[in-house]
Amino acid sequence: MTKKELFATVLSYFQEHIPDAETELIYDNPYHLLVAVILSAQCTDKRVNMTTPAIFEHYPDAKSLAKASFDELFPLIKSISYPNNKTKHLIGMSNMLMEKFDGKVPMTVNELIQLPGVGRKTANVITSVIDQQPNMAVDTHVFRVSARLGLTTGAKTPLQTEQQLLKYIPEDLVHKAHHWLILHGRYTCLARNPKCNECGLTDVCKYYKSKK
């Protein structure tokens, strides 16, 4: 099977079985999503979703968050991983939104990565989820699943994974493929004990074949 055929098979499977894949983070607008994605680094979406309602109640927009002090914001996110850094990032991010972007979340990767706490992965999430831009965010799930299925070969970094995936995924499917790979990694292709007996992709999976 060629790489092109493998991608076609995997994408077809996901289109059939998870047609409406989307982020599991709860948000109402780009500002909400940006805050949630910053908080989600090395933290579960479930924990983030338990935390953000109180943040958005106190700080419904970038303008109000920019006025927050560390001591005011920290208690609201102390249950999240790395709360010290993330508190500083959120305050810095909101201040830059006000100073440089008129309080609005920019929709280009190059602009987003200027914000404190926002790396390439976060910028790709924001632009693909909000604007359906063909940007592939690579987290641990995407990195692992892509390698196991054989979609990527020898990719050592998230950027290498991103570049290999974008080479074969049609532009109009990239924003969905990001969620397909994440959800597959989160619920089926688990890091330690993948549920291969529940997976419909074992016929083409490089990892599964290597175990036999």
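Leaving aside neighbours within four places in sequence, which residues is L65 in contact with? I will start there and work outwards. One caution before that: this is a predicted model.

The residues that L65 touches, with those sequence neighbours left out, are Y31, V35, Y59, L73, L90, M93 and S94. L65 also belongs to the largest nonpolar core, which has 36 residues. Together with L34, L90 and M93, L65 is among the residues with the most contacts inside that core. Seven helices each put in at least two residues: α2 (30–39), α3 (45–58), α4 (62–66), α5 (70–77), α6 (83–101), α7 (109–112) and α8 (120–131). Of these, α2 gives the most, with eight residues. There is also a second core, separate from that one, with 27 residues. V138, L151, I169 and I182 are included in the second core. As general background, nonpolar side chains in soluble globular proteins tend to be buried together.

Now back to one of the partners of L65, namely S94. S94 is in helix α6. Is S94 buried or exposed? Its relative accessibility is 0%, so S94 counts as buried. Beyond four places in sequence, S94 is in contact with A62, L65 and A66.

Next, the whole chain. How many helices and how many strands does the chain have? The count is 12 helices and zero strands. Read from the N terminus, the order of elements is therefore α-α-α-α-α-α-α-α-α-α-α-α, as the definition of these elements numbers them from that end. The C-alpha atoms fill a box of roughly 55 × 30 × 30 Å along the principal axes. A compact globule with 212 residues would have a radius of gyration near 17 Å, and the 18 Å of this chain agrees with that. Among the 212 residues, 48% count as buried. The accessible surface of the chain is about 11100 Å², and carbon and sulfur atoms hold 51% of that surface. On contacts, take those with a separation of 6 or more: 58% of them come from residues 24 or more positions apart.

That brings me to the aromatic residues. The structure holds five aromatic pairs. One of them is F14 with W180, a stacked pair at 6.0 Å centre to centre and 25 degrees between the planes. What does this pair tie together? F14 lies in helix α1 (residues 3–17) and W180 in helix α11 (residues 174–187), so the pair ties together parts that are 166 residues apart in sequence. Both F14 and W180 are buried. Y13 joins in as well, since ring pairs link Y13, F14 and W180 into a cluster.

Next to F14 in the sequence is Q15, also in helix α1. Q15 has 40% relative accessibility and therefore counts as partly exposed. Not counting residues up to four places away in sequence, Q15 touches L173 and W180. Q15 and K176 are 161 residues apart in sequence, and their C-alpha atoms are 9.0 Å apart in space.

Staying with helix α1, I will take L6. At 8% relative accessibility, L6 counts as buried. Where does L6 make its contacts outside its own stretch of sequence? With residues up to four places away not counted, L6 touches M1, L149, G150, L151 and V204. L151 in that list is a member of the second core. From L6 to V174 the C-alpha separation is 16 Å, and the two are 168 residues apart along the chain.

Helix α11 also holds H175. H175 counts as buried, because its relative accessibility is 14% and the cut-off for buried is under 20%. Which residues is H175 in contact with, leaving aside neighbours within four places in sequence? They are S128, Q132 and Q133.

One last item is a charge over a ring. The charged end of R148 sits over the ring of Y207, at 4.5 Å from the ring centre.

To close, the two things I would look at on the screen are the 36-residue core with L65 in it and the stacked pair of F14 and W180.

Methods
Residues numbered from 1 in each chain as written. Predicted model: local features only at pLDDT ≥ 70, side-chain atom pairs only at ≥ 80, totals over all residues. Heavy atoms only, no water. Core = buried A, V, L, I, M, F, W, Y, C linked by side-chain atoms within 4.5 Å. Buried < 20%, exposed > 50% of the residue type's maximum accessible area, 1.4 Å probe, protein only. Helix = DSSP H or I, 4+ residues; strand = E, 2+ residues; numbered from the N terminus. Contact = heavy atoms within 4.5 Å. Phe/Tyr/Trp six-rings, centres within 6.5 Å; stacked < 30°, edge-to-face > 60°. Lys NZ or Arg CZ within 6 Å of the ring centre and 35° of its normal. Rg over C-alpha atoms; globule rule 2.2 N^0.38 Å. Areas by Shrake-Rupley, 256 points an atom, 1.4 Å probe, with all protein chains shown as cover.
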